[in-house]
Amino acid sequence: MKNLFTVRKILSLCLCFSILFAIYSAYYKIKYWGFDLSPNRTANVWNIDAHISFKPTGEPIQISLGIPVSPTEFKILNEDVIAKGYQSSKDTEQGRINLTSPAQTLNQDIYYRLTIYDNEGGRGKLVDNEVQPPKKPVYDEQQQQAVNTILADAENFEGGWPQKIIGIFNQEPLNPTLSAFLPVKISERQRVQLMIDLLAVKGIPARMARGVRLEEGKQAAEADLMLEAYDGYKWRLYDIHTGKAGLPKNFIVFQRGGKSLLDVQGGVDSKVRFSVLKSVTSSFKLASHRASNNYSKMFDYSIYGLPLLEQNTLKWLMVFPLGILVVALMRNVVGIPTMGTFTPMLIAMSLVKTGFWPGFVCFSVIIAIGLLLRAILSKLNLLLVPRISAVVIFVILIMQFMTIIGYRLEWQIASSAVFFPIIITAWIIERASITWEEDGASNATKEIIYSMITAIATYFVISNESVRHITFAFDEINLVILFIVMLLGTYTGYRLTELKRFTPLAKKS
């Protein structure tokens with residue numbers, strides 16, 4: 001007892017120090033880094049990572065990437081290039097960044113990082129008073145006849161000529177003349193180029209625009225294509241799928257015109273992928289312009305200085321300790337038995353991915369069918385490992401069947417089955433079956449129900465956007481959670497579910 005008291009005293013002191021440290025750290029981040037308790041504070045600040053990768057050919061390397069240069073739609077807060085061993089230069093006139101390096105042997109990974117924030121007062125269309133008439137494409141007689149028919153049919157669509165052309169390209173079913181005019185295998189870039197050629201026939205200057213949609217959590221995505229046409233006064237952007245005119249609110253243009261977005265000499269299989277994060281990192285970079293340089297070094301050695309892909313992963317990991325605390329409270333204080341220690345946590349993670357009701361329905365169906373199949377397997381008297389392996393295979397087949405049926409019948413609920421962890425689901429089925437055999441159906445059903453109750457409680461904690469923001473922005477709160485969990489380990493009192501045993505004594509007294 002004395003040792004237990006000493007442990008509790010030490011843990012209580014550690015908890016107090018961790019709370020004081022968390023309060024001071026949060027104050028420091030709010031005051032000097034510009035962080036905020038509300039996730040909405042950082043809504044207009046974005047980090048964009050352009051990840052360039054390629055295989056060197058053994059020759060000197062030259063890289064050219066299209067980048068935004070003083071855009072009117074957004075203000076550039078900061079930009080950086082992570083390319084060890086490369087010399088970089090920026091061509092503001094052409095809107096490109098150029099990198100050079102001697103011959104390399106290993107696969108190359110280069111990052112161009114851009115931090116921007118919305119400039120509502122400066123949003124508008126790109127003005128250019130020196131636009132030359134477009135050069136009309138040359139077609140043979142058969143192609144020219146097809147072009148004339150396509151343009152005649154396009155007149156039936158509403159809007160200006162750019163919208164008419166986009167409309168006929170997205171018509172379902174596709175116009176027969178246009179379908180015959182298009183190549184058998186056509187890329188999105190080729191589609192936009194054909195739109196530009198058809199607009200040139202009408203004497204309308206047009207060009208291709210590539211950019212990035214600012215969507216939180218976007219990882220390793222290609223640049224989005226848009227059509228930009230000149231209306232006689234201004235360049236105007238058009239969505240190539242809907243024909244909607246104007247610059248989307250959360251879209252930044254990286255490159256305009258026919259030149260490719262990325263050019264690589266001295267390498268093959270080159271590609272550029274974009275990652276986007278709306279995060280506290282951007283909030284700090286916005287505030288860092290007003291802060292002293294003395295505070296930036298500490299930021300460099302925090303998790304907020306990591307690449308965006310790692311930050312997107314850590315943003316979810318930072319909320320897990322809070323979910324673990326919920327599970328510990330439910331088991332050690334409330335006294336709810338569950339299938340495994342942290343199985344409810346894994347179920348809650350799956351529910352976040354699938355959505356609550358689709359995930360709940362799918363999980364219930366999988367468990368019910370799995371228990372039925374496990375009951376059949378028990379009649380065969382199989383050894384433990386082959387039996388569990390068979391259950392895993394059955395679970396995979398169930399998920400496959402539900403996903404296919406859900407897709408064919410357009411049931412989004414059934415399609416959610418694929419997001420559940422296979423091994424954990426199979427283990428729950430096996431554990432429930434053993435409990436059913438040893439302790440009866442009642443106890444097995446209770447454990448499954450209690451596991452779902454705990455998973456639901458955990459789900460509502462980790463799925464909250466404000467909670468995720470706070471645990472990521474003020475990650476020192478996990479120290480507080482750590483010592484609370486450790487203090488729970490010294491708890492020797494009655495659980496809430498055990499108090500009902502003493503109800504008769506309370507009534508008698």
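The following exercises with worked solutions concern the predicted model of one protein.

Residues are numbered from 1 along each chain as its sequence is written, and side-chain values use heavy atoms, with hydrogens and water left out. Because the model is predicted, local features need pLDDT of at least 70 and side-chain atom pairs count only at pLDDT 80 or more, whereas totals for chains, interfaces and linings use all residues.

**Exercise 1. Overall description**

Task: State how many helices and strands the protein has, and what percentage of its residues count as buried.

Solution:
- Step 1. Helices (H or I, at least four residues) and strands (E, at least two) are DSSP runs, numbered from the N terminus. The protein comes to 18 helices and 13 strands.
- Step 2. Buried means under 20% relative accessible area, exposed over 50%, and partly exposed in between, with a 1.4 Å probe and protein chains only. Of the 509 residues, 42% count as buried.
- Step 3. A contact means heavy atoms within 4.5 Å. Among contacts between residues at least 6 apart in sequence, 77% join residues at least 24 apart.
- Step 4. Accessible areas come from the Shrake-Rupley method with a 1.4 Å probe; for residues, only the protein chains shown count as cover. The protein exposes about 27800 Å², of which carbon and sulfur atoms supply 58%.

**Exercise 2. The largest nonpolar core**

Task: Identify which residues touch the most other members of the largest nonpolar core, and which helices each supply at least two of its residues.

Solution:
- Step 1. A nonpolar core is a set of buried Ala, Val, Leu, Ile, Met, Phe, Trp, Tyr and Cys residues joined through side-chain atoms within 4.5 Å.
- Step 2. The largest such core has 31 residues, and Ile347, Ile367 and Val395 touch the most other members. At least two residues of this core come from each of α9 (320–334), α10 (343–354), α11 (356–378), α12 (384–408), α14 (422–439) and α15 (441–462).
- Step 3. Leaving aside residues up to four places away in sequence, Ile367 touches Thr425, Ile428, Ile429 and Ile448.
- Step 4. Another core lies apart from the largest one; this core has 29 residues, including Ile150, Ile165, Ile168 and Leu227.

**Exercise 3. Helix geometry and burial**

Task: Compare the expected and modelled spans of α12 and α10, and list the buried residues of each helix.

Solution:
- Step 1. The expected span of a helix is 1.5 Å times one less than its number of residues.
- Step 2. With 25 residues, α12 should span 36 Å, and its end C-alpha atoms are 36 Å apart, which agrees.
- Step 3. The 12 residues of α10 reach 17 Å from the first C-alpha to the last, close to the expected 16 Å.
- Step 4. In α12, the residues Arg387, Ala390, Val391, Val392, Val395, Ile398, Met399, Met402 and Gly406 are buried. An α-helix has 3.6 residues a turn, so residues three or four places apart point the same way.
- Step 5. In α10, the buried residues are Thr343, Pro344, Met345, Ile347, Ala348, Ser350, Leu351 and Thr354. Gly355, with a positive phi near 95 degrees, follows α10.

**Exercise 4. Salt bridges between strands**

Task: Determine how many salt bridges there are, and describe the Glu79–Lys90 and Glu228–Arg256 pairs.

Solution:
- Step 1. A salt bridge is a side-chain nitrogen of Lys or Arg within 4 Å of a carboxyl oxygen of Asp or Glu. By this rule the count is nine.
- Step 2. Glu79 and Lys90 form a salt bridge at 2.3 Å, N to O. The pair links distant parts of the chain, with Glu79 in strand β3 (residues 74–82) and Lys90 in strand β4 (residues 87–91), 11 residues apart.
- Step 3. Glu79 is partly exposed at 27% relative accessible area, and Lys90 is partly exposed at 40%.
- Step 4. In the bridge between Glu228 and Arg256, the closest N and O atoms are 2.9 Å apart. Glu228 lies in strand β9 (residues 224–230) and Arg256 in strand β11 (residues 251–256), so the pair ties together parts that are 28 residues apart in sequence.
- Step 5. Glu228 is buried, with a relative accessible area of 1%, whereas Arg256 is partly exposed at 28%.
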